[in-house]
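Grab a coffee and pull the model up on your screen. Here is a walk through how its pieces fit together.

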Amino acid sequence: MNYSENDTAIICFAYNRPYHLKLCLNSLLENEESKDLPFILYLDGVRNASDKEYSESIVGLINKLSGFKSIKLIRRERNYGLYKSLTLGITEAFKEYNSLIILEDDIVVCKNFLRYMIQGLSIYEKKKEVASIHGYLPPIKDELPSSFFLRGADCWGWATWKDRWNSFRSDSNELFNEIKSKNLTKEFNLNNSYNYMRMLKDKSKGRNNSWAICWHASCFLNNQLTLYPGKSLVKNIGLDNSGENCGKSTMMVTELSDDCIEIHKIETCVDKDIYKIYCNYFKKKQSFLFRLTRIIKDKFLSRIKNNLVKYKYSFKRRGLSLIGPYSSYQDALKNSVGYDHPKIIKKVRESTIKLLEGSAIYERDGTSFFRRPEKLKIRSILKKYVLKNFLIIDYGGGLGSNYINNRDILDSSISYSIIEQSNFAKEGKEISNKYNLPIKFFNSLDQIKERPNIMIFSSVLTYLESLEDIFEYINKIKPEYVIIDRTAFTNSNKLRWWVQNEPFYYETPVSYPIRPINENQLFLSLKGYNKISEWVNSFDAKQPLHKGILYQFID
């Protein structure tokens, strides 16, 4: 296929996610049509000094880029934010091109994406009632035709024409009032299955910065349509809390289809049966979440009514959801499912494998991320204090995330051992063998015969029934450094057990015993150690306060 340079271009918007952008670019270059299309990247200006490194990484990535007809980088001198960056960039690009294929840096596409987009742009160019061509489809299991129309517009891997973009309206409050006054709220909200009106209202109140809701509402009020594929040709990899307007989500996660979808001209109208299928997907998902929340809430309300005095205190978010207190570990354990629930290890295993196979760059608590958090203290400590031939014992180290997250800075001569419960140790050994990791897994400290140079306790001490054996081992073996990270502390001298409740994180309600540690008692239990550093991770709970401490043995 050949295209005029003044006809169609690909434009992409990026800010501070070079890893996401690299995956996006790689997927575009797998499309045969990429060599015939100009590519423009709009890079927003940095907000702060910490983002400068990411911005420079993106510049370096674009400077080495090839495979498109032409490549242009437009770097903003100041930070516009997603709304202005995208809307201004599209408007600027339309001064040169008649149609655009538009992506953000967290969109990965299949190898037939560009073919689909170009066919759609060509077939429906003269149909002014068609606002855009869209590449994403939610994970709907019902059988759908190869393409179909819905009223309005969408935003994850899409294309449009210059004259259609002229329909864009920026006044979200005006859009909201017009939809409401025309009694179109139910239809706009997908037959009341998804609350787009709330998104539009939140935009008018400054609670989000979404350009997409304004684009959707603008096209919707113009009675314009968007063409959707029967199978998703794009995947959003930004549903990991790394984006400006997208948080963690499973409802919108889909897999790419490599099917070559040929677009045949169809009637430009909304099929009622397809519309019903589309609406029902969101209705079922929302209904499931509501029922699950109600079940969990009712269960805990029942406990509160029966034990009003006992359940007099519960930490709220920004903290952990804790129920109690209980007089003992065993009492708390009886009222929880425990640490060895299969859903926990399944989630940790899946995120660890993503990290090992290169589809993520950082893992924590069973969640994989495409960007490493800023100023990770444990990383800087390992970089500073770990020497060649060191032995590190990571107590409660899961499937090895501390090592895998930081293996780029750890010398190959070190020995790394993890102490874990039997199911984690078994899974860890299998992963270690499969991916050739220099990690040994054990069930107890008794199996370690050498003196470690460093012991790591990351998010584990507060979950152990007794710390006496741990302190006895440390005081006997005397490792040079003890790193305690992501640990809940309290000023109270009274030992109190709670049940930590995680109703959604592991896709099923999970709970287990926890008790915050008194820092003074911890210090007194470590004989011959001085505290040389402490820190608070930005991503950890503040109630109870979670922090890290580095202790050094003073001979």
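What follows goes from the whole chain to its sheets, a helix pair and two single residues.

This is a predicted model, so to speak of local features a pLDDT of at least 70 is needed, side-chain atom pairs count only at pLDDT 80 or more, and totals for chains, interfaces and linings use all residues. Residues are numbered from 1 along each chain as its sequence is written, and side-chain values use heavy atoms, with hydrogens and water left out.

**The whole chain**

The chain has 17 helices and 23 strands; helices (H or I, at least four residues) and strands (E, at least two) are DSSP runs, numbered from the N terminus. Of the 555 residues, 53% are buried, where buried means under 20% relative accessible area, exposed over 50%, and partly exposed in between (1.4 Å probe, protein chains only). Take the contacts (heavy atoms within 4.5 Å) between residues at least 6 apart in sequence: 76% of them join residues at least 24 apart.

**The eight-stranded sheet**

Eight strands make up an open sheet with mixed pairing, in the order β3-β2-β1-β4-β8-β6-β9-β7. Two strands pair if DSSP finds at least two bridges between them. At the edges you'll find β3 (70–75) and β7 (147–151), each with a single partner strand, so one side of each has no neighbour in the sheet. From one strand to the next, the twist averages 25°. Angles here run from 0 to 180 degrees between N-to-C directions, and axes are lines fitted to C-alpha atoms, for helices over the stretch in contact.

Here are three of the pairings, including one from the other sheet described below.

| Strands | Sense | Bridges | One bridge pair |
|---|---|---|---|
| β1 and β4 | parallel | six bridges | C12 and L103 |
| β4 and β8 | antiparallel | four bridges | I101 and A159 |
| β11 and β19 | antiparallel | three bridges | Y326 and W497 |

β8 (residues 158–161) also pairs with β6 (residues 130–134), in the antiparallel sense and over two bridges. There, I133 stands opposite A159 of β8.

How many of the residues of β4 are buried? Six of its six, so to speak of β4 as mostly covered is fair. In a regular strand the side chains alternate between the two faces of the sheet. In β4, S99, I101 and L103 point one way, while L100, I102 and E104 point the other way, and all are buried.

**A helix across the sheet**

Helix α4 (residues 113–123) lies across β1 (8–14), β4 (99–104), β6, β8 and β9 (225–229), and runs at about 145° to β4. Eight of the eleven residues of α4 are buried, so α4 is largely enclosed by the rest of the structure. The buried ones are F113, L114, Y116, M117, I118, Q119, G120 and L121.

**The α8 and α9 pair**

The axes of α8 (residues 196–204) and α9 (residues 212–221) come within 9 Å and cross at roughly 120°. α8 and α9 are therefore oblique to each other; angles under 35 degrees count as roughly parallel, over 145 as roughly antiparallel, 65 to 115 as roughly perpendicular and the rest as oblique. On the α8 side, the contact is made by Y196, M199, L200 and K203, and on the α9 side by I213, C214, H216 and A217. Those contact residues divide into six nonpolar, one polar and one charged. Ala, Val, Leu, Ile, Met, Phe, Trp, Tyr, Cys and Pro count as nonpolar, Asp, Glu, Lys and Arg as charged, and the others, Gly among them, as polar.

**The three-stranded sheet**

Further along, an open sheet of three strands has antiparallel pairing and the order β11-β19-β20. Its edges are β11 (322–326) and β20 (510–514), each with a single partner strand, so one side of each is left without a neighbour in the sheet. Neighbouring strands of this sheet are turned by 20° against each other on average, direction ignored.

**Two residues to click on**

E502 is found in strand β19. Is E502 buried or exposed? E502 counts as buried, at 11% relative accessibility. L320 and E502 are 182 residues apart in sequence, yet 8.7 Å apart in space, C-alpha to C-alpha.

S167 is found in the loop between α5 (162–165) and α6 (172–181). At 14% relative accessibility, S167 counts as buried. Leaving out residues up to four places away in sequence, S167 touches S218, N222 and Q224.
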